[in-house]
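Q: I'd like a close look at one part of this model, with its neighbours brought in as they come up. Please start from a simple connection and build outward from there.

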Amino acid sequence: MSLKYVMEAYELLDNKFVDGKDVKEFLEKISSDEIISVETVYGEKGSTDFIKIKIKGTNGKSGGGTAPTLGIIGRLGGIGARPEVIGFVSDGDGALAAVSIAAKLLSMTKKGDRLKGDIIISTHICPVAPTQPHEPVPFMGSPVDILTMNHYEVSDEMDAVLTIDTTKGNVVTNHRGFAITPTVKEGYILRMSNDLLDIYQQTAGILPVTMPITMQDITPYGNGLFHINSIMQPCVAVDAPVVGVAITTEVAVAGSASGASHLIDVEEVVRFGIEVGKRFGSNSCAFYDVEEFGRIQELYGTLKHFQTLGKKEAAINE
């Protein structure tokens, strides 16, 4: 049951002193057969621990196989905003979902249910992150910048990426639960993946809820443009298709708000991520239409410049 691991992971992460090593120990108690790495990285506003879990597939590339590799990134500023706010904050749901997915997959592999493709899960653990102004509600900041996050969380080994982020600080998607975005690849916002919409319906039991994104959202932080949040930032660091999984609410909730995590919603995201992993590794879940992507590039050329800061590097740091 995924909910068991969401609850255990929440109790683990709702701690002023928790760090990446604690999370690694938690996961290794479930299974020590996989590769789990932790690295502490320092920035101008403190430090955070990046954690990466690679779970081998039965036909995964790490073992010489051919099954595609899915990347799952828990994107956030921090799991806590201490001393300004006491306790686990809403923004931490991305890390909570990622750690819970890792825990459930490790449990499955221990019980004999190993997926076909490799799964790489990454996030970072910071219980004392700063906050920053944002409309309509304040955001969580981070001890390190987005480029650093992408460096440690995104990998060229990933053939497709799900990026999970708390996305409650807006009035764009007014739904309690989660929503998925169109696929983004090499500067293009492509049409929604029908396979992912199907998995959404299967796991959530409701009609799919989607979140609109803009060209601004898929450009790198630091260019002075408005971004709904950092959910799509991995798409500037990789050419693989990227889809956002937004944990949402009906009303705007600040990322720095405590007591604002809905574990049932996070659990839905966990099951969605695992089901995507099953089907993606079996080549039965396409994030985009390869032929159509080739055609759109023939017609309109490359848009890879949207993965950069543009013609003039911005001096504004987000």
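A: Happy to. The close look starts where a hairpin joins β1 to β2 through 2 residues. Please keep in mind throughout that this is a predicted model. The strands on either side of that turn are β1, residues 35-43, and β2, residues 46-55. They pair in the antiparallel sense, with 9 bridges between them. One pairing you can pick out by eye is that of Glu39, whose bridge partner in β2 is Phe50.

β2 also has a partnership with β4, a strand that covers residues 119-125. Here 7 bridges join the two, again in the antiparallel sense. A handy marker for this pairing is Ile55, which stands opposite Ile119 in β4. How enclosed is β2? Of its 10 residues, 7 are buried, so the strand is largely enclosed by the rest of the structure. As you look along it, it may help to recall that side chains in a regular strand alternate between the two faces of the sheet.

One of the elements that meets β2 is helix α4, residues 146-153. Its buried residues are Ile146, Met149, Asn150 and Glu153. These residues cover an arc of only 95° around the axis, which puts them on the same side of α4. The cover over that side includes β2 and β4, along with β3. Turn to the face of α4 that points away from the buried side and you will find Leu147 and His151, both exposed. At the N-terminal end of α4, Asp145 acts as a cap: one of its side-chain oxygens lies 3.3 Å from the backbone nitrogen of Leu147. Leu147 therefore appears twice in this picture, as a residue of the exposed face and as the one whose backbone nitrogen the cap reaches.

Staying with β3 for a moment, the loop between β3 and α3 holds Pro83. The peptide bond that leads into Pro83 from Arg82 is cis, with omega near 5°. For context, most peptide bonds are trans.

Cysteines are often worth a check at the bench. The count of disulfides in this model comes to 0. Cys235 is accordingly in no disulfide, and the nearest cysteine sulfur, that of Cys285, is 18 Å away. Cys235 is also buried, because its relative accessibility of 3% is under the 20% limit. Cys126 is buried as well, at 1% relative accessibility.

A second helix to compare with α4 is α5, residues 194-204. The buried residues here are Leu196, Leu197, Ile199, Tyr200, Thr203 and Ala204. They cover an arc of only 160° around the axis, which puts them on the same side of α5. What they pack against is β8, β11 and α6. Just after α5 comes Gly205, with a positive phi of about 75°.

The loop between α5 and β11 contains Asn223, which is buried with a relative accessible area of 15%. Its side chain has contacts you can trace: a polar contact of 2.9 Å joins it to the side chain of Thr219, and it reaches the backbone nitrogen of Leu225 at 3.0 Å.

That leaves α6, one of the elements that α5 packs against. α6 spans residues 263-281, and its 19 residues reach 27 Å from the first C-alpha to the last, close to the 27 Å expected. Of those 19 residues, 15 are buried, so α6 is largely enclosed by the rest of the structure. Just after the helix, Asn283 takes a positive phi of about 60°. Asn283 sits in the loop between α6 and α7 and is exposed, at 61% relative accessibility.

Another residue other than glycine with a positive phi is Glu186, where the value is near 50°. Glu186 belongs to the loop between β9 and β10. Is it buried or exposed? Glu186 is buried, with a relative accessible area of 13%. To put such angles in context, most residues other than glycine have a negative phi.

Methods:
Residues numbered from 1 in each chain as written. Predicted model: local features only at pLDDT ≥ 70, side-chain atom pairs only at ≥ 80, totals over all residues. Heavy atoms only, no water. Helix = DSSP H or I, 4+ residues; strand = E, 2+ residues; numbered from the N terminus. Expected span 1.5 Å × (residues − 1). Buried < 20%, exposed > 50% of the residue type's maximum accessible area, 1.4 Å probe, protein only. Disulfide = S-S within 2.5 Å. Pairing = 2+ DSSP bridges. Arc of directions from axis to C-beta. Contact = heavy atoms within 4.5 Å. Polar contact = N/O pair within 3.5 Å; in protein donor to acceptor, adjacent residues only side chain to side chain.
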